[in-house]
Amino acid sequence: MKVMSKLLNHLHLDPKYGVLNVQSAQVVYELFKLIDFRGTGALDDIQFTSFLQSTTNLSQSHIEKIFYIFDLDRSGSVEFDEFYLLVCILVAVNNNEAKQFMYRHWSTCFELLDEDGSKSVSKKEFETLGVLFNFGSRAVDKIFAEFDVSGTREMNYNEFKLFMFAAMDTEMEMEKQQQEKKKKKETNNTTQLKYIADYLNKKRAKNKTKKSVQPI
Ligand SMILES: [Ca+2]
Ligand SMILES: [Ca+2]
């Protein structure tokens, strides 16, 4: 999923809690009231679809699925708390903080995905997360091969938690490697600059000596 809305560029998650900061939450509340133009306190599938169509590149069938998933109390509409959760995810994806969001809120993600309330997440249920957080179906296969320890073709609470921690470890390891690479490059640049500076200084010093011995 790609977030296409400029409005969402102005929204941010609170780094401490991983949910929308106060200012962003107020904007989202105003936005919700605008979409809910009848003032019913809930969005129907048409209002929900038009919101996601104007803010993301999600297909109609994915939007239908997401509507069902985010209607947590199965009321047939999306109330503000459900909408708020969805916008938190959109903002996390937009700010490249999707994995951190999943890590912080892994139990909420688990509840979201476990559509049938079986206390486990099937591959099919997991694929919704793939759509939102951009895991391809090959990545989902790989995750299941690795983390479905009990071999039930479903991820239970503990397996899901393990997956989240491992995904975060991989992310942190990659970040560390990138930082080390950057540091190495900076050191190389500094060494090169020092070498050039030394070379120029020596050359200058040589020219100065030459000049001083030259007869007038
Ligand atoms: Ca609902
Ligand atoms: Ca399930």
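Here's a walk through this predicted model, from one helix into the core and out to a loop.

Let's start with helix α5, residues 80–94. Its 15 residues, at 1.5 Å a residue, should span 21 Å, and the end C-alpha atoms sit 20 Å apart, so the expected and computed lengths agree. Plenty of α5 is buried: the list runs Glu82, Phe83, Leu86, Val87, Cys88, Ile89, Leu90, Val91, Ala92 and Asn94. Once the helix is over, asparagine 96 shows up with a positive phi of about 55°.

Now for the core. Nonpolar side chains tend to be buried together in soluble globular proteins. Here the largest nonpolar core has 39 residues, and the members touching the most others are Leu20, Val87, Cys88, Ile89, Val91, Ala92 and Leu113. Two or more residues each come from α2 (22–35), α3 (45–55), α4 (60–70), α5, α6 (98–104), α7 (106–113), α8 (123–133) and α10 (157–213). The top contributor is α5, with eight residues.

Follow leucine 113 next. Setting aside neighbours within four places in sequence, leucine 113 is in contact with Val121, Glu125, Phe126, Thr128 and Leu129.

Finally, look at the loop between α7 and β3 (120–122), where you'll find lysine 119. Is lysine 119 buried or exposed? It counts as exposed, because lysine 119 has just 11 C-beta neighbours inside 10 Å, and the cut-off for exposed is 12 or fewer. Even so, lysine 119 has partners from elsewhere in the sequence: not counting residues up to four places away, it touches Asp114, Asn156 and Tyr157. Take asparagine 156: it is 37 residues from lysine 119 in sequence, yet their C-alpha atoms are 6.5 Å apart.

How values were computed. Residues are numbered from 1 along each chain as its sequence is written. Chains are lettered from A and ligands numbered from 1 in the order in which they are written. This is a predicted model: local features need pLDDT of at least 70, side-chain atom pairs count only at pLDDT 80 or more; totals for chains, interfaces and linings use all residues. Helices (H or I, at least four residues) and strands (E, at least two) are DSSP runs, numbered from the N terminus. The expected span of a helix is 1.5 Å times one less than its number of residues. A residue is buried if 20 or more other C-beta atoms lie within 10 Å of its own, exposed if 12 or fewer, and partly exposed in between; C-beta atoms are placed from the backbone. A nonpolar core is a set of buried Ala, Val, Leu, Ile, Met, Phe, Trp, Tyr and Cys residues joined through C-beta atoms within 7 Å. Two residues are in contact if their C-beta atoms, placed from the backbone, lie within 7 Å.
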